[in-house]
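Colleague: Please give me a close reading of one part of this model, beginning with its largest pocket and working outward to the surrounding fold. I should like the cut-offs stated as the terms arise.

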Amino acid sequence: MASLTKIMQISKSVNNVTKLISNLSLSVNTNLVSNTRCFRRLPIQSSVFLHTSSTKYDLMEFFDDENNWGKDTVKVGREWRVDELRLKSNEDLHKLWFVLIKERNMLLTMEEACKRSYKIFPNPERIDKVDMSMTNLETVVRERNKAYHLLETGETGERPGKLVYNALGLRFYYRMREYLVPKFMNSKWFKKHHFGYEGYAVQKFLRLYREKLWNTKRRARTRELNQAKLLLRRFPNLDMNALKEKYPSVDVEKAKHSKRARGHFTPM
């Protein structure tokens, strides 16, 4: 009797499950029918709920908006700063990098198109702003990579380098890299990189090069001194601290007592 009651309970539960599945299938079918009827009757109202941005895969992606064509100025913002980029996630920085690349390609294309058509390229500083934004983004990514490698391995993770002299005697920073061929067998590397300098011609070049750099610095100091004297002549009550901040290489007291800084006045 116990086994018979168990069999009856199992059969009842199976019947309940089959009824539930049949009811669900019927409800799904009725919903599908009702939805298809709604789509047939009101195709415009149903399509309003779906929204996708228009995608372009033609050559017009390399050109600016047609509303900006022929304008003298275009309203643009400033570049991305380092402090702002530090607040972004790595995924956002990755997306922003591709946006900046796309914007730079567009601006360079528009600049070349304006040159060929002998027109003025509006707001050429946009290219500089994009380049500054990309440089700041690389700075933030390099900071994060350094912090990660220092935390995990105790090293910066960047390629090692050293200061060396080239064949002309100029000093530069050489970044090392790995090669499949050892250094003593890599003849191609020795032909391309010549560290160190020698010879009378190189010594003469270095002497003239240093003289040129010194003359450039001397002219810059003389130019700043003359500008400071002119300001003191035109504005006798000028703030000396502000003048020192603007021209740090100028001796303000010496410039103040020079003849060129004295103004024209008549004694009372």
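Modeller: The largest pocket holds about 280 Å³ of space. A pocket here is an open set of points on a 1 Å grid over the protein atoms alone, where a 1.4 Å probe fits and protein lies on both sides within 12 Å along at least five of seven lines; lining residues have an atom within 4 Å of a point. Its volume is the space filled by probe spheres set on the points, which are joined across faces, edges and corners. The model is predicted, so local features need pLDDT of at least 70 and side-chain atom pairs count only at pLDDT 80 or more, whereas totals for chains, interfaces and linings use all residues. Residues are numbered from 1 along each chain as its sequence is written, and side-chain values use heavy atoms, with hydrogens and water left out.

Sixteen residues line this pocket, and those closest to its centre are Trp 69, Gly 70, Met 110, Cys 114 and Lys 119. By class, the lining comprises eight nonpolar, five charged and three polar residues (nonpolar: Ala, Val, Leu, Ile, Met, Phe, Trp, Tyr, Cys and Pro; charged: Asp, Glu, Lys and Arg; polar: the others, including Gly). Helix H4 supplies the largest share of the lining, with three residues.

H4 therefore deserves attention in its own right: it has 27 residues, which at 1.5 Å a residue should span 39 Å, and its end C-alpha atoms are indeed 39 Å apart. The expected span is 1.5 Å times one less than the number of residues. Helices are DSSP runs of H or I with at least four residues, and strands are runs of E with at least two, both numbered from the N terminus. Within H4, the buried residues are Leu 93, Leu 96, Leu 100, Met 106, Leu 107, Met 110 and Cys 114 (buried: under 20% relative accessible area; exposed: over 50%; partly exposed: in between; 1.4 Å probe, protein chains only). Met 110 and Cys 114 thus appear both among these buried residues and among those closest to the pocket centre. The buried residues of H4 pack against H3 (82–85) and H5.

The largest nonpolar core contains 14 residues, and Leu 85, Leu 100, Leu 107, Phe 121 and Leu 137 have the most contacts inside it. Such a core is a set of buried Ala, Val, Leu, Ile, Met, Phe, Trp, Tyr and Cys residues joined through side-chain atoms within 4.5 Å. H4 (90–116) and H5 (125–152) each contribute at least two residues to this core, and H4 gives the most, with seven. Apart from it lies another core of nine residues, including Met 240, Leu 243, Tyr 247 and Ala 261. Beyond its neighbours within four places in sequence, Leu 85 is in contact (heavy atoms within 4.5 Å) with Trp 80, Leu 93, Leu 96, Ser 133, Asn 136, Leu 137, Val 140 and Arg 144.

A charged residue also meets this region. Asp 64 sits in the loop between H2 (43–47) and H3, and it counts as buried because its relative accessible area is 14%. Leaving aside neighbours within four places in sequence, Asp 64 touches Trp 69, Met 106, Met 110 and Arg 126. Trp 69 and Met 110 are among the residues closest to the pocket centre. The C-alpha atoms of Asp 64 and Thr 109 are 8.9 Å apart, although 45 residues separate the two in sequence.

The loop between H4 and H5 contains both Tyr 118 and Asn 123. Most residues other than glycine have a negative phi. Tyr 118, just after H4, nevertheless takes a positive phi of about 60°, and Asn 123 has one of about 50°. Tyr 118 counts as exposed because its relative accessibility is 77%, whereas Asn 123 is buried, at 13%.

As for the whole chain, it has nine helices and two strands, in the order α-α-α-α-α-β-β-α-α-α-α. Of its 268 residues, 16% count as buried. Among contacts with a separation of 6 or more, 53% join residues 24 or more positions apart. Further along, His 193 lies in the loop between H6 (187–192) and H7 (200–234); its relative accessibility of 18% makes it buried. Beyond neighbours within four places in sequence, His 193 is in contact with Tyr 174 and Tyr 179.
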